[in-house]
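Welcome! Below are a few short exercises, each with a worked solution. Have a look at the structure first, then try each task before reading on.

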Amino acid sequence: MGRYWFVTEWQVAATPDAVWEELVRPPGLADWWKSVEKVVQLDPGGADGIGDRRRYTWKSRLPYRLVFEMTLTRSKRPHLLEGHATGQLVGVGMWTLTERDGGTRLRYVWQVRTTRPWMNLPLPFWP
């Protein structure tokens with residue numbers, strides 16, 4: 001199966017605490033990340049959020065959607081969130097938040113593999 005490593009970074013004019021609240025609030029990402037179509041919280045987890053489980057539906061320029069569940073496994077407020085994905089993608093995603101230039105630098109590192117053979121078929125190039 002295909003293995004992928006993605007790194008996405010943003011700089012936002014908000015405190016790490018404010019950004020943290022946005023990341024952990026359901027539906028959170030679907031409100032501002034255009035590739036996230038839908039987020040459904042399946043289990044809120046414990047008081048620290050560990051065990052929070054959500055189903056994500058992602059869309060992209062590719063002609064299909066990805067559906068997977070993410071379970072929060074590490075949480076260090078307001079600087080680190082890490083979760084494990086299962087479903088059409090399997091792997092680990094980690095948010096780090098760093099105070100910088102009066103705002104917050106967000107970094108998302110996503111190490112996943114696909115679980116469906118058809119997801120790794122060559123696609124014709126399109127502009």
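Two strands count as paired if DSSP finds at least two bridges between them. Keep in mind that this is a predicted model.

**Exercise 1.** Find how many bridges join strand β5 to strand β6, and which way the two strands run.

*Solution.* Start with residues 80-87, which make up β5, and residues 89-100, which make up β6. Between them there are 6 bridges, and the strands run antiparallel. For one position to look at, find Ala85: Gly91 in β6 stands opposite this residue.

**Exercise 2.** Place the strands in their sheet and name the edge strands.

*Solution.* Step one: the order is β1-β7-β6-β5-β4-β3-β2, an open sheet of 7 strands with antiparallel pairing. Step two: β1 (3-12) and β2 (36-43) each pair on one side only, which makes them the edge strands. Step three: from one strand to the next, the twist averages 20 degrees. Finally, add helix α1 (residues 16-24), which packs on the sheet and touches β1, β3, β4, β5, β6 and β7. The direction of α1 makes about 160 degrees with that of β6.

**Exercise 3.** Decide whether Glu82 is buried or exposed.

*Solution.* First locate Glu82 in strand β5. Its relative accessibility is 12%. Buried means under 20%, so Glu82 counts as buried. Then look at its contacts beyond four places in sequence, among them Thr71, Arg74, Val92 and Met94.

**Exercise 4.** Describe the lining of the second largest pocket.

*Solution.* The space in this pocket is about 440 Å³. Of its 27 lining residues, those closest to the centre are Leu23, Arg54, Tyr56, Leu72 and Leu81. β4 gives the most, with 5 residues. By type, the lining divides into 17 nonpolar, 6 polar and 4 charged residues.

Conventions:
Residues numbered from 1 in each chain as written. Predicted model: local features only at pLDDT ≥ 70, side-chain atom pairs only at ≥ 80, totals over all residues. Heavy atoms only, no water. Helix = DSSP H or I, 4+ residues; strand = E, 2+ residues; numbered from the N terminus. Axes fitted to C-alpha atoms, helices over the stretch in contact; angles between N-to-C directions. Contact = heavy atoms within 4.5 Å. Buried < 20%, exposed > 50% of the residue type's maximum accessible area, 1.4 Å probe, protein only. 1 Å grid on protein atoms, 1.4 Å probe; cavity = no way out; pocket = protein on both sides within 12 Å on 5 of 7 lines; lining within 4 Å. Points joined across faces, edges and corners; volume = space filled by probe spheres on them. Nonpolar A, V, L, I, M, F, W, Y, C, P; charged D, E, K, R; others polar.
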